[in-house]
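Student: I have a model open and would like to go through it with you. Could you take my questions as they come?
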2 protein chains.
Amino acid sequence: MPMNVLVVLAHPEPQSFNGHLARRAATAMTTGGNSVRLSDLYAEDFDPCEAPRHFRSPRDPARFDPQAEQRHAWDMKSLAEDVQRHIDDVLWADLVILQFPLWWFGVPAILKGWMDRVFVYGGLYTSSRQHDTGVCCGKKILFSVTTGSPAAACAYNGREGETALHLWPLMYAFRYIGFSVLQPFVFHGVRGGLAGAAADAQRQRLLAVEDDYIRALSGIQARPGIPFNREEDWDEADTLKPGAPVYSPFIRHRRVLDLTDSPGRQ
Amino acid sequence: MPMNVLVVLAHPEPQSFNGHLARRAATAMTTGGNSVRLSDLYAEDFDPCEAPRHFRSPRDPARFDPQAEQRHAWDMKSLAEDVQRHIDDVLWADLVILQFPLWWFGVPAILKGWMDRVFVYGGLYTSSRQHDTGVCCGKKILFSVTTGSPAAACAYNGREGETALHLWPLMYAFRYIGFSVLQPFVFHGVRGGLAGAAADAQRQRLLAVEDDYIRALSGIQARPGIPFNREEDWDEADTLKPGAPVYSPFIRHRRVLDLTDSPGRQ
């Protein structure tokens with residue numbers, strides 16, 4: 001079934017592997033019969049800082065409360081033009097693909113700011129519309145991520161920490177507004193500055209993984225998702241009910257040992 | 001013993017609770033006999049996007065490779081003025097305090113960009129200077145964080161996910177460049193838009209927690225840290241050696257059950 005696909009790219013260099021992957025994904029999805037929009041945050045010079053300057057009819061010009069101003073601007077239909085456009089894209093999409101390099105174990109600032117400014121309170125979430133009652137329920141999100149480090153260092157027992165789990169707060173954020181979060185696709189060992197044989201070897205390796213990625217996109221409807229708890233699993237205090245299934249790695253971890261409260265060697 | 005203390009504030013409203021906490025921390029540390037610098041990222045309109053425009057003498061004007069340009073600019077002493085100033089502050093500090101609201105389970109974009117641009121390759125880390133051989137070894141970092149949700153929802157079994165563990169990628173990043181990461185201080189239930197009795201109740205509650213925070217700052221030398229593996233715990237492939245102590249919640253989790261590869265209900 002044809003889908004509306006939004007590809008969001010967050011890399012400062014159009015010729016980068018990230019830029020290449022975003023365009024290849026867009027082309028592959030178009031060829032597959034889908035409608036595609038490509039949002040290149042650096043190309044449009046997206047401003048990632050939520051700030052008073054974005055609210056032309058502020059509710060309180062004397063004191064800036066981001067959530068209150070977001071809700072007010074949503075209600076008054078006075079959101080900044082760029083934010084409204086990005087919201088329209090998200091609401092239009094059945095599938096969103098985020099293409100970004102992992103910088104400091106998270107998304108580049110321009111992409112974090114896309115979330116800070118575009119996921120507006122009152123619009124994309126409210127106190128009663130979250131998680132599986134979220135505005136974006138029925139939509140899917142795929143993270144396509146590059147890391148500089150090789151796969152071994154990014155494995156569960158690797159020195160960089162496991163990439164899929166560094167992405168957990170990001171998964172949680174998209175789930176919060178209702179998305180079904182697909183298993184991320186991660187390209188490891190994507191390094192600049194290589195020359196000669198090392199550059200050739202990297203190119204060959206990445207070409208093979210890129211083919212895997214394009215195949216994964218063509219079978220995206222069957223890609224497994226990350227499991228989350230449902231509305232009925234939480235009590236009135238937002239605490240997990242006894243007997244509810246446990247999906248969060250954080251809860252699993254805590255059941256093994258209380259790590260954060262145990263001072264250890266530095 | 002007197003310390004050099006750098007407070008980094010990331011909130012768009014100077015009158016916010018975050019702004020207040022940053023100033024109170026600065027005052028308390030000054031009163032305690034320390035030297036203090038306060039870096040207000042919004043006040044200086046810090047640009048969080050790593051981009052070609054920040055490199056006045058680029059190594060390769062035709063194709064922007066962030067790491068390569070950072071290393072080149074560090075070596076040539078041609079870093080952007082703001083980045084150099086922030087690096088000087090970090091290198092000067094014995095203790096860094098990051099004051100920020102948790103937005104989408106992470107730092108605001110302006111603070112993520114401070115990391116993306118200021119933690120320069122070749123300067124604050126290299127392939128041989130990381131973790132416990134990092135440039136910032138001997139320095140401590142404290143995250144002082146506000147959340148909109150109440151404590152129960154931010155507990156290990158709460159619907160928002162545990163705050164300390166949403167902060168894990170951030171902890172990992174600071175550890176990567178050598179910092180000792182102190183247990184974060186989290187203020188829950190910090191909400192704007194309250195009036196009357198609800199606003200009074202919040203004010204009273206936060207005043208008490210604020211006192212706890214100032215006390216914690218005065219005893220910061222004794223504050224426990226987050227444990228991380230040491231250099232000798234990793235093999236040549238950056239894999240944890242058998243028998244090495246396990247600190248990462250991600251590794252602990254993985255030993256319980258392989259979550260990310262198990263498709264579950266959506």
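Student: Where is Lys140(B) found?
Tutor: Lys140(B) is in strand β4 of chain B, which covers residues 140-146. Strands here are DSSP runs of E with at least two residues, helices are runs of H or I with at least four, and both are numbered from the N terminus. Please note that this is a predicted model, in which local features need pLDDT of at least 70, side-chain atom pairs count only at pLDDT 80 or more, and totals for chains, interfaces and linings use all residues. Residues are numbered from 1 along each chain as its sequence is written, chains are lettered from A and ligands numbered from 1 in the order in which they are written, and side-chain values use heavy atoms, with hydrogens and water left out.

Student: Is Lys140(B) buried, exposed or partly exposed?
Tutor: Lys140(B) is partly exposed, because its relative accessible area is 22%. Buried means under 20%, exposed means over 50%, and partly exposed lies in between, with a 1.4 Å probe and protein chains only.

Student: Which residues does Lys140(B) touch?
Tutor: Not counting residues up to four places away in sequence, Lys140(B) touches Asp94(B), Leu95(B), Val96(B), Phe179(B), Ser180(B), Leu182(B), Ile220(B) and Gln221(B). A contact means heavy atoms within 4.5 Å.

Student: And how far apart are Lys140(B) and Trp74(B) in space?
Tutor: Their C-alpha atoms are 24 Å apart, with the two positions 66 residues apart in sequence terms.

Student: What about Lys139(A), where is its place?
Tutor: Lys139(A) is in the loop of chain A between α4 (109-118) and β4 (140-146). Its relative accessibility is 10%, so Lys139(A) counts as buried. The residues that Lys139(A) touches include Trp92(A), Asp94(A), Phe179(A) and Ser180(A), with those up to four places away in sequence not counted. Val96(A) is 43 residues from Lys139(A) in sequence, and the C-alpha atoms of the two are 7.7 Å apart.

Student: Let us change topic. Which pattern does chain A follow along the sequence?
Tutor: The order is β-α-β-α-α-β-α-β-α-α-β-β-α-α, which comes to eight helices and six strands.

Student: What radius of gyration does chain A have, and what would a compact globule have?
Tutor: Chain A has 20 Å, which agrees with the value near 18 Å for a compact globule of 266 residues. The radius is taken over C-alpha atoms, and the globule rule is 2.2 Å times the number of residues to the power 0.38. The C-alpha trace spans about 60 × 45 × 45 Å along its principal axes, and 59% of the 266 residues count as buried.

Student: How many positive and negative side chains does chain A have?
Tutor: There are 28 positive and 31 negative side chains, and the centres of the two sets lie 3 Å apart. Lys and Arg count as positive and Asp and Glu as negative, while His and the chain ends are not counted. Each charge is placed at NZ of Lys, CZ of Arg, CG of Asp or CD of Glu.

Student: By what turn can chain A be laid on chain B?
Tutor: A turn of 180 degrees with a shift of 0.0 Å along the axis lays chain A on chain B with an RMSD of 0.0 Å. That is the relation of a two-fold axis. The superposition is by least squares on the C-alpha atoms of residues with pLDDT of at least 70 in both copies.

Student: Why do the copies meet through the same surface?
Tutor: They do so because 100% of the interface residues of chain A are also interface residues in chain B.

Student: Which residues is Asp116(A) in contact with?
Tutor: Leaving aside neighbours within four places in sequence, Asp116(A) is in contact with Glu50(A), Gln70(A), Trp103(B), Trp104(B), Pro108(B) and Ala109(B). Asp116(A) is in helix α4 and counts as buried at 5% relative accessibility.

Student: And Tyr172(A), where is its place?
Tutor: Tyr172(A) is in helix α6, residues 168-176 of chain A, and is buried with a relative accessible area of 7%. Its contacts beyond four places in sequence include His131(A), Phe228(A), Phe105(B) and Arg159(B).

Student: Finally, what is the phi of Trp104(A)?
Tutor: Phi of Trp104(A) is near 50 degrees, a positive value in a residue other than glycine. Phe105(A) also has a positive phi, of about 65 degrees. Most residues other than glycine have a negative phi.
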